[in-house]
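Visitor: I have a model open on my screen and would like to understand the words people use for it. Could you walk me through them?

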Amino acid sequence: MISQFDQSGRLRHLITLKGLERTQITDLLDRAETLLRPAGDLPSRNEALAGRTVANLFFEPSTRTRASFELAARRLGADVLSLDVSTSSRAKGESLLDTIYTLQAMQCDIFVVRDAQAGIPEFIVEHVAPHVRILNAGESHLNHPTQGLLDMLTIRRHKGGFDQLVVTIIGDIHHSRVARSASHALSALGVGELRLVAPEHLRPDARDFPDAAIVDDVDRAIDGADVVMALRIQKERMSETAVPDPAEYFRRFGLDPRRLSLAKPDAIVMHPGPMNRNVEIAPEIADGAQSVIEEQVTNGVAVRMAVMEAVMAV
Amino acid sequence: MISQFDQSGRLRHLITLKGLERTQITDLLDRAETLLRPAGDLPSRNEALAGRTVANLFFEPSTRTRASFELAARRLGADVLSLDVSTSSRAKGESLLDTIYTLQAMQCDIFVVRDAQAGIPEFIVEHVAPHVRILNAGESHLNHPTQGLLDMLTIRRHKGGFDQLVVTIIGDIHHSRVARSASHALSALGVGELRLVAPEHLRPDARDFPDAAIVDDVDRAIDGADVVMALRIQKERMSETAVPDPAEYFRRFGLDPRRLSLAKPDAIVMHPGPMNRNVEIAPEIADGAQSVIEEQVTNGVAVRMAVMEAVMAV
Amino acid sequence: MISQFDQSGRLRHLITLKGLERTQITDLLDRAETLLRPAGDLPSRNEALAGRTVANLFFEPSTRTRASFELAARRLGADVLSLDVSTSSRAKGESLLDTIYTLQAMQCDIFVVRDAQAGIPEFIVEHVAPHVRILNAGESHLNHPTQGLLDMLTIRRHKGGFDQLVVTIIGDIHHSRVARSASHALSALGVGELRLVAPEHLRPDARDFPDAAIVDDVDRAIDGADVVMALRIQKERMSETAVPDPAEYFRRFGLDPRRLSLAKPDAIVMHPGPMNRNVEIAPEIADGAQSVIEEQVTNGVAVRMAVMEAVMAV
């Protein structure tokens with residue numbers, strides 16, 4: 001595997017949270033935390049990327065992650081180039097590398113890449129010029145490292161630390177890059193216990209989650225949890241879950257008030273968004289007092305700013 | 001109805017011109033007027049929105065209004081996030097409120113909203129955080145308040161005041177948010193006379209235009225007018241107008257030289273754009289000496305800057 | 001033909017390279033060259049367009065040229081408005097001129113126009129206000145002047161001058177605005193020899209390339225060349241080339257190592273991009289030591305900055 005680190009072990013790209021040291025994650029969270037501002041205040045800004053150009057290359061459609069990276073880049077003083085790319089346009093002839101080389105030749109120095117295909121961000125890292133930085137904004141089912149970081153920041157701000165925590169993730173774990181990146185970070189941070197619960201056919205290979213307990217029963221998975229994270233269900237994958245429809249999924253796996261009552265009384269509820277209400281989560285939970293879902297979004301911009309600052313400082 | 005005013009009666013959002021005091025409108029027009037610059041000069045700029053993020057949420061397609069708001073925001077120093085939204089994407093699962101909450105969590109402080117559905121801007125006002133501002137950029141057939149303001153600024157610059165004026169609006173009044181917002185503003189400003197003329201089946205309910213005269217005959221409606229405004233006709237609505245095609249519409253309701261000659265010699269011609277030439281307006285009128293259609297566009301940017309400044313100052 | 005020059009012969013618009021004096025081209029190349037920076041350095045920036053708004057009107061899809069103009073404009077301090085236009089939207093009713101007049105009324109001062117139809121940029125020049133500037137970003141098969149300039153800058157940086165050079169262009173010359181603009185510039189700069197080679201049915205009319213030699217045989221055309229430029233082949237035009245498929249095209253006209261070996265040992269290889277590898281160019285040539293294809297992209301941003309500065313200074 002191509003290294004995302006320089007010779008001194010500092011982060012040059014962010015492809016995966018796997019292999020990051022606890023202190024590297026903690027430093028990023030510390031820096032991100034200083035970039036948070038109360039709602040209504042002016043967002044934090046600085047000139048860390050002044051004069052730089054960030055290219056957003058989203059080969060999978062995305063509104064919120066793309067907006068989050070775009071705002072992060074602009075609030076660091078960068079120009080942002082958002083390209084209208086899709087796998088179809090790639091199929092039409094221009095190779096991915098030619099697109100990258102072209103943008104690099106236009107002096108785009110940071111590429112934010114989302115792609116449905118595994119290995120694309122690393123492949124790009126292997127080929128770009130030494131001064132270019134690659135940030136993985138979602139890679140197949142494998143990695144979504146800035147999501148993992150924003151989840152960690154959200155948990156830390158509510159729970160202080162990780163070593164006593166029970167974290168439960170519910171949903172299509174098998175296909176989830178969110179779950180994988182959370183698991184990488186939680187392992188590095190020494191989480192007390194990570195429990196994963198999924199519909200039968202969507203349980204992950206245990207080797208993908210070496211430090212987690214794969215639990216059969218939803219109620220048991222939530223019991224005593226400090227953090228409960230519901231994953232987004234792709235409705236088109238409903239048949240794979242061995243449940244016929246959204247209502248049935250909600251009945252069997254949805255995070256509803258009864259289930260949440262099994263967690264610790266001060267448990268927080270997370271979701272990467274966008275939510276399917278009444279599928280993976282009850283509306284009264286999504287909007288309830290224990291929900292930190294909007295804080296996750298706020299923390300996402302801060303974490304992405306911190307990551308961009310870090311990779312450009314190397 | 002949700003108030004667009006704060007407790008002191010100042011504008012916090014701009015949803016409708018209905019209920020605005022004459023002085024509130026006049027203040028906005030006065031401010032907008034100071035922001036106008038001669039063609040070719042640098043556009044007026046200031047830092048009233050420096051560090052703020054404006055999110056453009058156009059659930060109906062629009063080129064010109066969206067561009068106008070975008071330029072207004074940038075010339076006030078804001079970052080602008082233009083989202084690729086459509087009613088279809090909304091149908092795909094993410095609720096409108098989840099989109100709004102997400103952007104709000106990213107510290108977008110002003111939302112510019114265009115929607116085909118009545119009540120959406122107010123619905124958003126009810127749910128956003130206190131520091132967020134909502135600007136209605138076109139709501140169903142009901143409101144298009146910045147269009148109303150730019151129309152007033154255009155009239156005032158040519159005619160000085162409103163109390164002696166005869167203003168005639170021709171077209172699909174029934175479905176027109178442009179006519180409604182103009183009528184709200186003209187009422188507040190004490191217009192001399194507002195005449196509305198429409199194809200038979202597109203005449204509005206008189207209760208929607210309490211201060212206007214609904215006139216049957218186009219020639220009579222234009223007779224002696226100071227301002228003649230032609231509305232855009234949606235060609236797909238042609239059958240509803242009880243006229244079979246564009247040529248027939250033009251013959252019966254189009255603003256042509258003969259009809260315009262019935263107005264005052266110094267009458268001005270307005271149109272909200274984009275125009276269907278040879279349908280609602282003759283090309284020689286659209287481009288003629290009495291046309292102020294391009295000034296409307298110029299005034300639109302200034303008015304939107306003035307509105308953004310005003311709501312952010314509260 | 002409408003003049004792109006002011007009364008003193010200075011460039012007010014850039015529609016075509018035809019008719020430019022050698023010194024005019026040289027001045028633009030000299031200025032562009034000062035704007036180049038080593039990869040990884042901050043791109044060159046200045047405030048030549050501060051406060052100005054550049055409108056990108058691409059009626060033909062384009063990723064790279066549009067991005068290049070957008071970055072050039074931003075690095076000169078301009079606001080950039082990228083409109084979602086297409087010939088279909090134009091067909092839907094709003095005339096091209098109404099779009100232009102609207103943007104002009106919003107104080108857009110530079111329009112970057114790409115259009116599949118011949119004569120559109122000149123048509124716009126005829127109609128805009130005196131302070132507005134039009135830059136042709138690709139016009140049918142006729143003109144692509146900034147491409148011509150970036151090609152000249154690339155050649156000059158490698159070869160010093162033009163009068164001893166042999167330049168060979170291979171491909172669909174008949175439909176190529178790239179070849180035409182290169183030929184205009186090379187004529188003005190006094191190139192030693194320009195050779196054009198195309199599939200039988202895609203040979204140009206000799207009157208379109210008065211200073212060039214139209215050569216039948218690819219090998220002969222490349223023999224002793226200093227510069228070899230392969231043009232992009234539109235696969236949908238393959239049948240017109242009288243060759244049945246990409247493999248056959250590559251065999252007969254593709255720039256491969258054997259053919260390149262016929263050129264001078266220090267010949268440079270150019271391509272306007274995006275490339276069809278294994279159709280008009282062999283991958284090992286595209287990525288080889290003689291390829292200057294990425295430099296062309298880099299030079300493109302610099303050349304577009306120089307052009308924008310020049311037309312705004314008049």
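**Where the chains meet**

Guide: Gladly. Let us begin with the contact between chain A and chain C, which takes 20 residues from chain A and 23 residues from chain C. Keep in mind that this is a predicted model.

Visitor: What makes a residue count as being in contact here?

Guide: The cut-off is heavy atoms within 4.5 Å. By that rule, 20 residues of chain B are in contact with 23 residues of chain A.

Visitor: How much area is buried between chain A and chain C?

Guide: About 2,000 Å², with 51% of it on carbon and sulfur atoms. On the chain A side, D79(A), M106(A) and Q107(A) lose the most area to chain C, and together they make up 30% of what that side buries. For chain B and chain A, the buried area is likewise about 2,000 Å², and carbon and sulfur atoms give 51% of it.

**Charges and polar contacts**

Visitor: Why is the pair D79(A) and R45(C) called a salt bridge?

Guide: The rule asks for a side-chain nitrogen of Lys or Arg within 4 Å of a carboxyl oxygen of Asp or Glu. In D79(A) and R45(C) the closest N and O atoms are 3.1 Å apart, so the pair falls within the 4 Å limit and earns the name. The interface of chain A and chain C has 2 salt bridges by this rule.

Visitor: And what makes R45(A) and D79(B) a salt bridge?

Guide: Their closest N and O atoms are 3.0 Å apart, so they too meet the 4 Å limit. Between chain B and chain A the count is 2 salt bridges.

Visitor: How many residue pairs are in polar contact across the interface of chain A and chain C?

Guide: The rule finds 10 such pairs, both residues being at pLDDT 80 or more. As for the elements on the chain A side, β2 (79–82) and α4 (96–105) are those that give two or more residues to the side touching chain C. The most comes from α4(A), with 5 residues. By class, that side of chain A divides into 8 nonpolar, 7 polar and 5 charged residues.

Visitor: What does the count of polar contacts look like between chain B and chain A?

Guide: There are 10 residue pairs in polar contact, again with both at pLDDT 80 or more. On chain B, the elements giving two or more residues to the side that touches chain A are β2 (79–82) and α4 (96–105). The largest share of that side, 5 residues, is from α4(B).

**Rings in a helix**

Visitor: How many aromatic pairs are there over all chains?

Guide: A search of the whole structure finds 3. One of the pairs is Y249(A) with F253(A), at 5.3 Å centre to centre and 40 degrees between the planes.

Visitor: Why is that pair called tilted?

Guide: Ring centres must lie within 6.5 Å, and planes under 30 degrees apart count as stacked while those over 60 count as edge-to-face. At 5.3 Å and 40 degrees, Y249(A) and F253(A) pass the distance test and fall between the two angle limits, so the pair is tilted. These residues are 4 apart in helix α9 (residues 246–253) of chain A, so about one helical turn separates them.

Visitor: What makes Y249(C) and F253(C) a tilted pair?

Guide: Their ring centres are 5.2 Å apart and their planes are at 40 degrees, so the pair is tilted.

Visitor: How do you know that Y249(C) is buried?

Guide: Buried means under 20% relative accessible area. Y249(C) has 0% and F253(C) has 6%, so both qualify as buried.

Technical notes. Residues are numbered from 1 along each chain as its sequence is written. Chains are lettered from A and ligands numbered from 1 in the order in which they are written. This is a predicted model: local features need pLDDT of at least 70, side-chain atom pairs count only at pLDDT 80 or more; totals for chains, interfaces and linings use all residues. Side-chain values use heavy atoms; hydrogens and water are left out. Buried area is the accessible area (1.4 Å probe) that two parts lose on being put together, summed over both. A polar contact is a pair of N or O atoms within 3.5 Å; within protein, one must be able to donate a hydrogen and the other to accept it, and residues adjacent in sequence count only if both atoms are side-chain atoms. Rings of Phe, Tyr and Trp (its six-membered ring) pair if their centres lie within 6.5 Å; planes under 30 degrees apart count as stacked, over 60 as edge-to-face and the rest as tilted. Buried means under 20% relative accessible area, exposed over 50%, partly exposed in between (1.4 Å probe, protein chains only). Ala, Val, Leu, Ile, Met, Phe, Trp, Tyr, Cys and Pro count as nonpolar, Asp, Glu, Lys and Arg as charged, and the others, Gly among them, as polar.
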